[in-house]
Amino acid sequence: MNRRLLPLTVTIVLFVAMAAFGAIRFDGFLTLQVFLNLIIDNAFLCIVAVGMTFVILSGGIDLSVGAVIALTSMVSATLLNAGWNPFAAMAVVLVLGAAFGALQGFLIQRFNLAPFLVTLAGMFLARGCCYLISTESIPIDDATYVAIAQARIPLGFNASLTIGGLIALLVVAAAMRIAHASEFGRTVYAIGGGETSARLMGLSVDSTKIGVYLLSGACASLGGIVMTFYMLSGYSLHAVGLELDAIAAVVIGGTLLAGGVGYVAGTLFGVLILGIIQTLIAFDGTLSSWWTRIVVGALLLLFCLLQRLFEGRAPKSP
Amino acid sequence: MKRFLGHALFWPAMALALLLVASALFNPSFVTLTWRDGHLYGSVIDILNRAAPLIVVSLGMTLVIAVRGLDISVGAVVAISAAVVALMIGGGFSATGEVHSDNPLWLALAAALGVAAACGLWNGLLVVKAGMQPIVATLILMVAGRGIAQLLTGGQIITVYYPPFFTLGNGFLLGLPVALWIAGLLWAALHLVLSRTALGLFVRSIGGNPEAARVAGVRSSAITLCVYTFCGLAAGVAGLIVSSNVKSADANNAGQLLELDAILAVTLGGTALTGGRFTLAGTVIGALIIQTLTSMIYSLGVPPEVNLVVKAALVFAVMLLQSAEFRGLVARMVRADKSLDGTRR
Amino acid sequence: MNDPAIVLRARDISRAFPGVQALSGAGLTLRAGEVHALMGQNGAGKSTLIKVLTGVYAPDAGSIELLGRPVAPESPIHAQQLGISAVHQESHLLPNLSVAENICAGRYPRRAWTRGGGIDWRETERRAAELLASLGIRLDVTQLAGGLPAALQQLATVARAVATDARVLILDEPTSSLDADEVQALFALIRRLRDKGVAILFVTHFLDQVYEICDRMTVLRNGRFIGEYACASLDSHGLVAAMVGREVAATPAVEHVAQEREQAARPPVLAARNLSRRGQLKPLDIELKPGEVLGLAGLLGSGRTELARLLFALDARDTGDISVDGQPAKLDNPADALRLGLGFCPEDRKHSGIVADLSVRENIALALQARMGLRKFLGLAEQRQIAEKLVAALGVKTASIETPIGQLSGGNQQKAIIARWLATHPRVLILDEPTRGIDVAAKQELMNEILELARGGTAVLFISAEIDEVVRVADRIMVLRDRAKAGELPGGANEDAVYSLIAASQKA
C-alpha cells in the first residue's frame, strides 16, 4: 500500500520543503495569497495537466495541448469580437477542443499510430489554424469576460481566488472522482497497466483510448478559456511550450510515464511545485527567469530517475 | 518498372520532384541559375543552402530513430552550440578597428561541437544506462537545454563580428554554399561508415530486434550511445551553421521547433518510425521537401505561418501511409469495390 | 446425440486467413462437469478454434450451439455474456491494480446515486474475496496483482474468468509458466470448477498433464477434426500418432559408450562453479567437454532456461566462477560470451532470435560480425559466401539468402539462427528448446545436425522439454528440479530414469 503512495509522498514533501524554504528565506512569503496565487497564475496549466494525467496514465502523450490553448484563445477572441454571446462562444470552443482531441484519439486508436506523432501533427495543425485566423494578437473587451477576469472570490485573511483558479480546483476535484471511481477512469489505469490484458478482460479499450484524448482536448480548451480570462486576448503565440510544462507537472506529480500508476492529486502538487519555483525565483529577484527551465529540467531528471528506481524495485510482472 | 516503383526512395523523390515542378510553374524564375562573382545563385541553390542545417540534424535523427530512439532535444542543442561558439569568439573591435576573436576559431568551433556531443552523450546515457524512454530522456534536455543556452548568453542575443566565422553559413566554395558542402560531406561520410563498416548492420539489427541483437553479442549499448552522441554532434554542426548564417546566437529562438522538422524529414524520407529500416538519402530528400515547401509558400505570398498547416497535413498523410491498419482498410475498401462490381455484372 | 450433459457443440468450423486455411471443418463437443483437452501440433488450429468460440474471430462457416441453442459470439464480452469465458495465453492480471479490481474490472459494483454513484470499492473487495474464498483461494485482495507470484496470478485470472457464472471455461496453456506445485494448485481449482458443473476446455502441450486432469480429448490436425477420444482409451503413443498423423518412428539411440570414455579424459572447455541467481537458480556446478552433447532435462520452470541465460551472461549471476579451458574467464555480457567462443540459440525465436526485417544472410552474419567488431568488416561477398555455405549445409529452405528471415517457416528460422552461431565456429553451443514449434521431420534433421556438430568437437548444451529427445541425443544428461541440480545420468539412460529424477520431489 505504501509503495503505491511513495511517489506522491515524495512530491508533497518536496512542495512542503520548498514552501518552508521560501517562508524562512523571504519575508511575506508565508501568506495565504502567495499560495492562492500559485493556483491563480497556473490555473490553465493545472487544467491542462489534469487532462494530460489521464493521457499519460493510459500510456500515451498529448503534445497538442499548448497549441489547442492558443487556438481556443484565437477562436474565442474572434467570436467575441463578432458579437457572440460569451457563453455561446465558450461552449463552441469547448466542443471544438473536445472534437479535436477525439479526432487525434481516433487516429491513434483506429490506425495504431504513435500518440507522440499524431499529437505532434495536431500541434502543427492547431498552431497553423491560429495563424490562419490572424498573426496578430486580438484583444478581448467583452464586458462579461472582463468582469470574470476581474472577479475575486474573497476567502478571508485578505486573500482571494479568481474564477479561473476556482475552475482549476473544480476540475481537479472532478478528475479525482473520475480517476478513482468511474468505469472510464479505471479503464484508463487498466490500459496503462497492459493494453492486451485489458482488452482480453473485455474492457472497452478502444472507446476509452479515444475518450482520453477527447478529455485532454476538452481540458486544453477549458484551459484556453481560463487563459483568455487571464490574458484578455487571443494570440497565436499563447502557451508556446506549455505541453512540456504540463508533462513535467504530471511527472513531478508522481505519475509513471510508462502509464498505469499515478494520481490526479499528484498532478496538482506538480503544478504547485512548478509555480513555487517561479515564485521563489521572483522573490529572490537576482535569479533570471531561465533558471526556472533549468530547475524544472533538473526536477524532471530527478523524478524520472526515481521512477526508474521505483520500477526496478517493483516485482516483475509476468 | 516495378522495381523502380517499389524502391523505398521512389515516393519521397517523386514528391520532391512534383514540388519542384509546381514551384517552377508558379514562379518561372525559380529554375534560373546565375553565375555571379564565382558563385552560383538561384532559388534552388537558396533552398539547398537553407535546408543544410535541417539535413544535418535529420541525418543524426535518422540513426537515433533507426535504433528505436528519438531525440527531441536537438533544437535546444542547436541553441547551446550557437551560444558556446558565440561566447568563445566573443571579441570586439581593437583600437585600430580590427575585429578579433577571443579564442582561435578552431578552438571555438571545437568547443561548441564538444559541448553538443556531450549533450548527445548525456541523452544516450539516460537512455542506455538509466533505461529511460527516449522521449522522456531527451525531454529533460529539451526543457533544460534552452535554459542553459540562455544562462550562457545571459538572456541576450549575442552578435558575432568576427568575419572568418561567417564563412560557414554564408560562404561559397567552388561556386556552392559552404553549408551545403558541410551537409553533403556529412552525408557522404555517414554513408561510407554505414556501408563500409558493420555499423549499418548493427544499427538495423538493434532497431529491428534489440533483444536478438543483444543475444547475438552486438554491443547494443555502446552503439546506441554512439548514435545519440552523433545526433548531438550533428545538432552542434547545425547550430554553427545557423549562428554563422545570422551572425549571432539567439538562445531563445535558434533551432526552435527544429526537432519536429527533423522528425518530419526522417519520416517523409521513408525511415520506419518503429526502428530498423532507415535511409539516409530518403532523409535528405525529406529535408529538401520541407524546405522547398517553405520556400514555395513564401514565394506564393501566402503567410509563411500557413506552412504549419501544410506540414501537419503531410505528417498525417505519411503516418497513415505507414500504418498497416490504414493500408489494410484501403485494401479492403478496394476489394469491396471490386466485388461489388462483380455482383453488378 | 442428445446427451443432456452436452453444453457446447461446435460443428464444421472453417476459418481462413490470407494464405492459410487455419480451420477446415473442425468440431468440438464439451460436456458439463468434464475437463476436455484440445490437442494438436503447433499450427493445428487450436488457437483459432478458441478464438472463434470466444468471438475474437467470426468463422467463415460452421455453427456453434450452446445448451442446444445456436449462438454466434461477436466479441469476448459477448461470449462471456453467453457463458463462454476464456483464459488466453496472453491473459494476465494488470500488475498496477489490486487483485480485487482485477477480478471485478468491467463489472464494478456501484454506489447508490444518492451517494455519488461511483464505484463501491468496499463492495468490490468483498465480492472478490467472496469469489476467491468460494474457489478455495486464499489471498489478500487489496494487494497489487503485480506483487503476487505467477501461480497466484494465474489462479486469480481463472477466478476472474468464472466470476460471470461461466458454463464453459477455456484455458489456453495455463500451466506454461508454473512449476509442479503450482500446477497442482491450478488443477485443484480446475477440479473444483469441474465438480460445480462447468465444462472446461484445457489446451496444453504437456501430455502428462492431459492424462492427469482430463476426461476426454479432441485432436486437431491441419485445421481438421481428427477424433474425440476418452483419455482412458488412448495412450500417449496413440495420441501423438493422431496429432502428427503417422506412427512416430523411434530413432535408434546413438552409440555413446565409446565416446564417453574418450571424453572423460578431456578437460572441460566451459566450467561454472557455484553458479546461481536469486529466485532463478540455486547454486550448481556444470561442465561441458569438447565434442559432447550435454542434455539438460527438467520441467518448465525447473531452471533450464535460467541456467542457459546465466551461462551466456544474458542475466547477471549472483555467484559463480566461470572458467574456459581451465582459465578463469571474464563473462559479464553476451559480447564477452561471444568473444570466448560461446553461442546461444534462445528459446523464444521471435523475440530474441531472429531480426525479422533483415535478410537470411544478414541474420547469419550478425554474430560473426559482432565478434569481429566495428573495425573489421565482413564484406558483402564474404557474408554471401558464408551464408550460402551454411544454408546449404543445414538445408535451410529459403527462396534466397536475401529473403527477409521473417518470411521463413519456424524450423527454417531456427536453422538459420543455428547457422548464425556455426558461422562463429563456436566451441560451446547452447541450444534452448531448438526443436520447439517445428514439425517432426525438421526435428529429426535438427537432431542429426546437433550430433554432427558435436562430432566436430563443439560442446553442445541441449535443452528440451521433450525427454525422449534429450535421451536420444545426449552423451550425458543433467536433470534440474525446482531450480537446482537433481542429478546426472550417463548417456543412453532410459526415459524412466530421467522422469524419476524429475519427479522425485513431487512424490517425496
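In this tour, buried means under 20% relative accessible area, exposed means over 50%, and partly exposed lies in between, using a 1.4 Å probe and protein chains only. Helices (H or I, at least four residues) and strands (E, at least two) are DSSP runs, numbered from the N terminus.

Welcome! This is a predicted model, where local features need pLDDT of at least 70, side-chain atom pairs count only at pLDDT 80 or more, and totals for chains, interfaces and linings use all residues. Residues are numbered from 1 along each chain as its sequence is written, chains are lettered from A and ligands numbered from 1 in the order in which they are written, and side-chain values use heavy atoms, with hydrogens and water left out.

**Stop 1: helices under cover in chain A**

Select residues 242-252 of chain A, which form helix 12. Because 10 of its 11 residues are buried, helix 12 is largely enclosed by the rest of the structure. Among the buried ones you can click on A:Leu242, A:Glu243, A:Ile247 and A:Val250. Step just past the end of helix 12 and you reach A:Gly254, with a positive phi of about 95 degrees.

Now move to helix 9 of chain A, residues 183-193. Eight of its 11 residues are buried, so helix 9 too is mostly covered. They include A:Arg186, A:Tyr189 and A:Ile191. What covers them? From chain A, the cover includes helix 3 (43-57), helix 8 (163-181), helix 10 (195-200) and helix 11 (205-231), and chain C adds its helix 3 and helix 4.

**Stop 2: helix 14 of chain A**

Select residues 290-313 of chain A to show helix 14, and pick out A:Thr292 in it. A:Thr292 is buried, at 13% relative accessible area. Contact here means heavy atoms within 4.5 Å. Beyond its neighbours within four places in sequence, A:Thr292 is in contact with A:Ile277, A:Gln278 and A:Ile281.

Next, highlight A:Leu6, A:Val10, A:Leu302, A:Leu306 and A:Leu309, which make a nonpolar surface patch of about 390 Å². Patches are made of residues with over 30% relative accessible area and no salt bridge; like charges are joined within 9 Å, and nonpolar side chains (Val, Leu, Ile, Met, Phe, Trp, Tyr) within 5 Å. Accessible areas come from the Shrake-Rupley method with a 1.4 Å probe, and for residues only the protein chains shown count as cover. Which helix gives the largest share of the nonpolar patch? Helix 14 of chain A does, with three residues, and A:Leu309 lies in helix 14. Helix 1 (2-25) and helix 14 each supply at least two residues.

**Stop 3: a positive patch with residues from chains A and C**

Select A:Arg177, C:Arg111, C:Arg115 and C:Arg122 to see a positive surface patch. Lys and Arg count as positive and Asp and Glu as negative, while His and the chain ends are not counted. The place of a charge is taken as NZ of Lys, CZ of Arg, CG of Asp or CD of Glu.

C:Arg115 sits in the loop between helix 3 (99-104) and helix 4 (121-134) of chain C and is exposed, at 54% relative accessibility. C:Arg111 is found in the loop between helix 3 and helix 4 of chain C and is partly exposed, at 33%. Not counting residues up to four places away in sequence, C:Arg111 touches C:Gly117, C:Gly118, C:Ile119 and C:Asp120.

**Stop 4: salt bridges**

A salt bridge is a side-chain nitrogen of Lys or Arg within 4 Å of a carboxyl oxygen of Asp or Glu. By this rule there are 34 salt bridges over all chains.

Select C:Arg483 and C:Glu306, whose side chains meet in a salt bridge at 3.3 Å, N to O. C:Arg483 lies in the loop between strand 19 (476-481) and strand 20 (484-490) of chain C and C:Glu306 in helix 10 of chain C, so the pair ties together parts that are 177 residues apart in sequence. C:Arg483 is partly exposed at 25% relative accessibility, whereas C:Glu306 is buried at 17%.

C:Arg304 also lies in helix 10 (residues 304-311) of chain C, and is buried at 3% relative accessibility. Its C-alpha atom is 9.9 Å from that of C:Lys485, though the two residues are 181 apart along the chain. C:Lys485 forms a salt bridge with C:Glu488, with 3.5 Å between the closest N and O atoms. Finally, select B:Arg219, C:Lys330, C:Asp332, C:Asp336 and C:Arg339, which are joined into one network by salt bridges that share partners.
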